[in-house]
Amino acid sequence: MATHTPRRHGGVFDVLQEWITTVDHKKIGLMYIGYALIFLVVAGAEALLMRVQLAVPNNHFVSPQTFNRLFTMHGTTMVFFVGMPILFGFGNYLIPLMIGARDMAFPRLNAFSFWISAFGGFLLYFSYLAGSGLYGAGTAPDVGWFAYAPLTSRVFSPGHSTDYWTLSVLLSGVGSIGTALNIVATALTMRCPGMKLSRMPLLVWLYVVTSCIAFIAVSPLTAAQIMLVIDRYLGGHFFDTQAGGSAVLWMHFFWIFGHPEVYILVLPAFAFANEIIPVFSRKAIFGYPAMVAATVAIGFISMGVWAHHMFTVGLGPEANAFFTFSTMVIAVPTGIKIFNWLATMWGGSIRFATPMIFSIGFLFQFLIAGLTGVMLAASPFDWQLGNSYFVVAHFHYVLVGAILFMIFAAFYFWYPKITGRMMSETLGKWHFWLFVIGFHMTFDFMHVPGLLGMPRRIYTYEADRGWGGWNMIVSIGAIFQTAATLIFVYNLIRSYYKGEEAGPDPWDAWTLEWSTSSPPPSYNFAEIPTVHSRRPLWDLKHPDDPDTNYE
Amino acid sequence: MSTAVAVSHSTEDDWKQPSRGMVGMACLIAAESAIFIIFVIAYIFYTGKSLTGPTPREVLDLPIFSTVCLLSSSITVHFAVHQLRAGKIGQCSAWLAGTVLLGGIFIASTAKEWYELIYHHGLTIRTNLFGTTFYSLVGLHASHVIAGLIMLSLALIFSLQGKVNAHHAERLEVLSVYWHFVDAVWVVVFTVVYVLGR
């Protein structure tokens, strides 16, 4: 990341010291994004290894033990050390710029949150070196990303691998709470004059709701990890069934975190769409208040759906009915959002630049992901397909088809602001089309072996099951996605040196971050701006017809 | 579009936003409440499910005196903030000292309770489900009391050294909100552990 520093003097150590000691929200945001990208490549490589193993029946490319570690590390890394940091990174970078502030509310807390999350990630991977400890009982964690009890107890997971998992997730949780706290405090107390809550960019609104979900959802995970540490180190019995403890209690605690976590990850993706789609449709966002209300509604409902991950446990008819209902209800505010984005595009003069085509891909794929979600919400259907590849296909449709697509869109959209240079549109189109092909090969076809009964987390399968052909297609898709991602990484590096000069406002956009130079100076704004509407730059460019007339 | 666009900079004098510290503390309290709720749920869920003794009824006594001390310390810290805002540093120090003393009594009686439980009744965190959930929930609360006491003691030292003035009233108020939260959690813990769980 050091290459981003526009320093004219000083050696490597000066640059390093500047980045390590910085409390500037832009640098911290970039470090978040940089470290998430490194882990994205690592966890992507783990996924690739699993796809090689599963491409043909009776394969022995990796051992069963290695396979267990691969899916555990892939899931944990992608959720805690790719998804969370990359979204917090964009939030850190963009929120002060969008609300006309010079930094976050608590800059030092911001640096603390970043470093503690980063060390959590390093700790997780340090397990490969140190996990076997004195016991010689395996290296990296292999308990799955939701680490069900009693598999995590000392008896079934000797050695230290599970401790590395617990502690790294605990640290990441502490960092997430710190950043979430910072985001809410920044948005509520640091807005520039005139920016009432009703004029705040939707991105900031969605980040506030995400952060509020984080308080209520990430903390239970922290509590559950403390309990697990007590069980493993102090001999407690929280999840010890031999002493009357309950394995199902861990499932509840984990999914009270686990399901809202999906919304913590997807709301920032919605936030990017809220900023990108209007700019490339040349229209103001359709239904701003409805968008805010739908987001808050999603935040509330997301707290009451967790047990749909546990239908197969046998919760009883009342609980099944309740969680089926609440899970289906969440499709309503989500549907409102999709209609609002479509209405924003309707009748607009759409520019099909790379950020926009990724957003359009997101719209369609998120719709399909939502539809399989409604299918799985029906508990009898879930009894058939719970823990099958249908579930894996469903949530990857959300995580890749919706969230990752919007993260890519955000890179193409804000890269000019961050570096002062445009990313290559040609490479961007290659990236998009290869990724779309790869994504649909992998995750459309992954539903089928699930329907045919293939369970998740098996390291191989017999040839007579009829899953081989489908898995081969799924694995070939992974190669396309890898190639597309490499093009993206190449584009990021190449454009930094050779990209076209962007200027402050290359997309003719309307929010405050485009009013300052690219990259923004460390103080963001020479003078704190004053705003009179939701689109301050529109007002400035069209003084004859300002937005204030219509809001 | 080659130069930075200028946005108007007229300042609005009546532009007021909430206090940073208060919003931050409110967020922290929201997150901490969620942690406590999970521990309370675990305690309630495992009430009466221990396979072996001792049971809460056999070993727990109502900690009335220490509860009164802790709850009173909410009042003293409130007066400390009040006096600081009025610029009366000496009064503020006195009320802070009272708060630290009352909080200290609470922690000392928790220590005494734990000593008796461990050495006289043989209840440790690994004895049974009651021990596991009791020591974690009460210990989680006690660790918050200790964190609060450290911060209050620092505030007391600074105020005795004369480094505190009325401008710091808001900061002390943020700390007092944390202290009120710790007290409120104790009301829940007291009710669940010593009243309902017994």
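A residue is counted as buried if 20 or more other C-beta atoms lie within 10 Å of its own, as exposed if 12 or fewer do, and as partly exposed in between. In the predicted model described here, Arg457(A) has 13 other C-beta atoms within 10 Å and is therefore partly exposed. Arg457(A) is situated in the loop that links α14 and α15 of chain A. Its phi is near 70°, a positive value in a residue other than glycine.

A positive phi in a non-glycine residue also occurs at Asn58(A), where the angle is near 50°. Asn58(A) belongs to the loop between α2 (25–54) and α3 (64–98) of chain A. Only 9 C-beta neighbours fall inside 10 Å of this residue, so Asn58(A) is classed as exposed. When neighbours within four places in sequence are left aside, the contacts of Asn58(A) are with Thr460(A), Glu462(A) and Ala463(A). Trp255(A), 197 residues from Asn58(A) along the chain, has its C-alpha atom 33 Å from that of Asn58(A).

Two further loops of chain A contain cis peptide bonds. One is the bond from Ala149(A) to Pro150(A), with omega near 0°; Pro150(A) is placed in the loop between α4 (107–130) and α5 (161–189). Another joins Ser518(A) to Pro519(A), with omega of about -10°. Pro519(A) is found in the loop between α15 and α16 (536–541) of chain A.

Among the helices of chain A, α6 comprises residues 202–234, 33 residues in number. The distance from its first C-alpha to its last is 46 Å, close to the 48 Å expected at 1.5 Å a residue. A kink of about 35° is nevertheless present in α6(A), and its centre is Ala214(A). Of the 33 residues of α6(A), 28 are buried, so this helix is largely enclosed by the rest of the structure. Immediately after α6(A), Gly235(A) adopts a positive phi of about 80°.

Helix α15 of chain A (residues 468–498) has 31 residues and should span 45 Å at 1.5 Å a residue; the separation of its end C-alpha atoms is 44 Å, which agrees. Its buried residues include Asn471(A), Gln481(A) and Asn491(A), together with Val474(A), Ala478(A) and Phe488(A). Also among them are Ser475(A), Gly477(A), Ala484(A), Thr485(A) and Ser495(A). An α-helix has 3.6 residues a turn, so residues three or four places apart point the same way. The buried residues of α15(A) pack against α2, α13 and α14 (425–451) of chain A.

The largest nonpolar core has 222 residues, and those with the most contacts inside it are Val184(A), Met406(A) and Ala409(A). Helix α13 of chain A (residues 389–419) provides the largest share of this core, 23 residues. Residues up to four places away in sequence being excluded, Val184(A) touches Val208(A), Ser211(A) and Cys212(A) in chain A, as well as Val23(B) and Cys27(B) in chain B.

Contact between the two chains involves 36 residues of chain B and 43 residues of chain A. On the chain B side, α1 (20–45) and α5 (129–160) each supply at least two residues. The most is given by α1(B), with 13 residues. By class, the side of chain B that touches chain A consists of 20 nonpolar, 12 polar and four charged residues.

Chain B contains six helices and zero strands, arranged along the sequence in the pattern α-α-α-α-α-α. Its radius of gyration is 22 Å, whereas a compact globule of 198 residues would have a value near 16 Å. The C-alpha trace of chain B spans about 75 × 50 × 25 Å along its principal axes. Of the 198 residues in chain B, 37% are buried. Among contacts in chain B with a separation of 6 or more, 85% are between residues 24 or more positions apart.

Notes:
Residues are numbered from 1 along each chain as its sequence is written. Chains are lettered from A and ligands numbered from 1 in the order in which they are written. This is a predicted model: local features need pLDDT of at least 70, side-chain atom pairs count only at pLDDT 80 or more; totals for chains, interfaces and linings use all residues. Two residues are in contact if their C-beta atoms, placed from the backbone, lie within 7 Å. Helices (H or I, at least four residues) and strands (E, at least two) are DSSP runs, numbered from the N terminus. Ala, Val, Leu, Ile, Met, Phe, Trp, Tyr, Cys and Pro count as nonpolar, Asp, Glu, Lys and Arg as charged, and the others, Gly among them, as polar. The expected span of a helix is 1.5 Å times one less than its number of residues. The bend at a residue is the angle between axes fitted to the seven residues ending there and the seven starting there. The radius of gyration is taken over C-alpha atoms; the globule rule is 2.2 Å times the number of residues to the power 0.38. A nonpolar core is a set of buried Ala, Val, Leu, Ile, Met, Phe, Trp, Tyr and Cys residues joined through C-beta atoms within 7 Å.
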